[in-house]
Amino acid sequence: MQGFLDIFDIYLLEAVINGILLGGVLALLALGLNLIFGVIDVTWICYAELVMIGMYAMYFLVQYYGISYFIAAPLTILLVAILGALLHYLVIAPLLTAPPINQLLATGGVLFVLQSFATVAFGIDFRNLGIRLPVLAFGDMNFSYARLLSFLAALVGMVAVYLFMTRTFTGTAIRAISQDRQIMALMGVDTKRIYLITSAIGGGLAGLAACLLVLQYDVHPFVGLSFGPITFLICVLGGLGNFIGGFIAAFVFAEIISLGGLFSDLEWGYVLAFAFFIVMMFIRPAGLLARRR
Amino acid sequence: MLELRGVNAGYGTFQALFDVNLDVRAGEAVGVIGPNGAGKTTLMRVISGLIRPSRGSIAMEGVDVIATPPHKIVSLGIAHVPENRRLFPQLSVDDNLKMGAFMKEARGKYAERLEVVFDLFPRLKERRHQMAGTMSGGEQQMCAIGRALMSNPKLLLLDEPSAGLAPVVVQQVFELVKRIRGRGLTVLIVEQNVQQVLRVVDRAYLIEAGTIRASGTSAEMLASDTVKEAYLGV
């Protein structure tokens with residue numbers, strides 16, 4: 001009996017820690033989406049597809065061109081940042097004053113365009129970087145090195161965004177713009193430019209997430225479906241546009257998935273997480289930390 | 001310094017200003033008085049570029065304001081303290097002031113300007129880390145004026161600075177306006193509080209239904225029958 005408990009506790013601890021590691025990347029994804037929603041008041045339905053393009057970029061840079069991972073990563077982040085800015089410039093900017101449903105449909109359209117583009121251009125094969133990172137043994141517990149690395153990099157990315165948002169003039173303007181759009185001109189702020197910068201940052205975060213996810217998952221045209229929906233649920237659970245709420249919700253979800261997976265299969269972890277979401281929508285429809293309106 | 005000639009402006013099909021001519025000379029304090037809905041706020045907005053006139057010309061030190069993009073107008077030296085203050089309620093006092101120094105010319109002098117503003121409003125220094133929305137009305141008005149001063153303007157537009165404030169605080173706000181004038185700033189102030197404002201300004205315009213009805217020095221305005229009957233209740 002004693003022996004059984006020991007093993008059980010170690011598995012539990014391992015699952016809890018794995019949940020935290022998973023939460024880091026989910027929080028990074030949620031931050032990007034929340035940033036766009038909080039500042040521009042638009043939901044990028046195609047956010048996970050930007051990540052997918054980033055993963056392909058990593059695959060081709062590393063596998064095809066033989067560039068080292070650490071040089072490919074900043075290039076990918078830059079590429080997806082530009083993609084984010086382009087998405088804003090070409091699709092969102094002309095629709096800024098349009099009804100929300102039109103914006104939603106437009107970014108939804110971009111989702112299918114990107115998926116189809118990837119299918120035509122890259123085929124439906126599952127591809128991976130071919131980098132196999134070791135498994136870290138800590139006592140009796142095993143952790144994937146890739147997950148640990150992803151968690152740390154996601155944390156660094158989030159801290160960088162936090163510092164940018166609080167320390168710089170542009171970052172302060174990004175926080176101010178969501179509180180009073182009309183008077184930004186009186187501050188000498190060109191709102192169009194701030195929107196473009198915000199979109200590039202949102203894209204850059206998707207690019208960073210792509211660099212990290214490609215270490216753990218194969219890339220294919222529909223890979224966005226594996227984490228797009230969950231990113232939206234996290235943002236909604238945390239309160240759309242609420243950065244701190246999204247951060248907390250990411251870890252809540254990650255723990256449910258990880259712990260649910262411990263007692264059964266990983267798939268059941270997802271079922272539990274989604275069930276939890278539905279229940280929460282009845283209890284706190286505006287999110288864990290509801291955004292003031 | 002500021003010159004408005006034949007300005008018409010409005011919102012959609014509603015016209016709020018009709019053929020407005022107005023001058024502000026360097027170093028002056030000028031008041032704009034008139035009833036609710038007379039177009040006073042529209043006048044301020046048209047000067048700072050929040051809305052564009054449908055006709056007429058606006059020049060700031062000879063520069064065409066209408067041809068300047070709205071976010072560049074603050075660089076001409078025009079700072080607008082909008083009606084109802086319009087602070088960023090969820091940002092700290094510091095961050096609100098920082099937004100006032102956003103434009104490139106002001107960023108380099110940020111620390112210097114912060115000093116000036118804190119010197120003028122010691123209260124803001126005490127509250128610098130507080131959320132702007134949680135302060136009292138008077139403190140918020142200080143913060144709004146401070147934010148405008150961060151850009152080191154030549155002309156300060158004040159839209160109803162006394163609105164919604166307790167009588168004691170209203171006194172303080174007008175004292176502030178005097179002190180700001182003392183620093184050599186030119187001020188254009190819109191007020192419903194006619195008696196008070198005529199004590200701080202050199203000249204005033206009376207605006208009714210979007211048209212300038214009368215203008216003159218403060219003494220002339222105080223003596224004018226139209227102003228007396230309608231606004232001073234004598």
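How many bridges join strand S4 (residues 55-60) of chain B to S5(B)? I looked and found two, with the strands running antiparallel. Two strands pair here if DSSP finds at least two bridges between them. Helices (H or I, at least four residues) and strands (E, at least two) are DSSP runs, numbered from the N terminus.

**Ground rules.** I noted that this is a predicted model: local features need pLDDT of at least 70, side-chain atom pairs count only at pLDDT 80 or more, and totals for chains, interfaces and linings use all residues. Residues are numbered from 1 along each chain as its sequence is written, while chains are lettered from A and ligands numbered from 1 in the order in which they are written.

**Four-stranded sheet, chain B.** I stayed with S4(B) and S5(B). B:Ala59 has B:Asp64 in S5(B) as its bridge partner. The hairpin of these strands has two residues between them, and there B:Glu61 takes a positive phi near 50 degrees. On S1(B), B:Glu3 stands opposite B:Ala59 in S4(B). I counted five bridges joining S1(B) to S4(B), again antiparallel.

I then wrote down the whole sheet. It is open, has four strands in the order S2-S1-S4-S5 (chain B), and pairs antiparallel. Strand S2 (14-24) and strand S5 (63-64) of chain B stand at the edges with a single partner strand each, so one side of each has no neighbour in the sheet.

**Six-stranded sheet, chain B.** Next I traced the other sheet. It is open too, with six strands ordered S6-S7-S8-S3-S9-S10 (chain B) and mixed pairing. Strand S6 (78-81) and strand S10 (211-217) of chain B are the edge strands, each pairing on one side only. From one strand to the next, the twist averages 15 degrees. Axes are lines fitted to C-alpha atoms, for helices over the stretch in contact, and angles run from 0 to 180 degrees between N-to-C directions.

I spent some time on strand S7 (residues 155-159) of chain B. Five bridges join S7(B) to strand S8 (residues 186-191) of chain B, and the two run parallel. Four bridges join S6(B) to S7(B), also parallel. B:Leu155 is the bridge partner of B:Ile78 and stands opposite B:Thr186 in S8(B). Further along, B:Leu158 stands opposite B:Ile189 in S8(B).

Is S7(B) enclosed or open? Five of its five residues are buried, so S7(B) is largely enclosed by the rest of the structure. I used the usual count from the backbone-placed C-beta: buried if 20 or more other C-beta atoms lie within 10 Å, exposed if 12 or fewer, partly exposed in between. B:Leu155, B:Leu157 and B:Asp159 point one way from S7(B), and B:Leu156 and B:Leu158 point the other way.

**Helices on the sheets.** I checked helix H1 (residues 40-48) of chain B against both sheets. H1(B) lies across strand S1 (2-11), S2 and S4 of chain B, at about 70 degrees to S2(B). H1(B) also lies across strand S3 (29-33), S6, S7, S8 and strand S9 (203-208) of chain B, at about 150 degrees to S7(B). Helix H6 (residues 137-149) of chain B lies across S6 and S7 of chain B, at about 165 degrees to S6(B).

**Domains of chain B.** I looked up the split: domain 1 (1-77 + 153-164 + 183-234) and domain 2 (84-152). The bounds come from an automatic or database domain assignment. The two centres, taken over C-alpha atoms, are 24 Å apart. Six residues of domain 1 of chain B are in contact with eight of domain 2 of chain B. Contact means C-beta atoms, placed from the backbone, within 7 Å.

**Chains A and B.** I finished at the interface. Here 22 residues of chain B are in contact with 14 residues of chain A. Helix H2 (residues 93-100) of chain B gives the largest share of chain B's side, four residues.

Definitions and conventions. Two residues are in contact if their C-beta atoms, placed from the backbone, lie within 7 Å.
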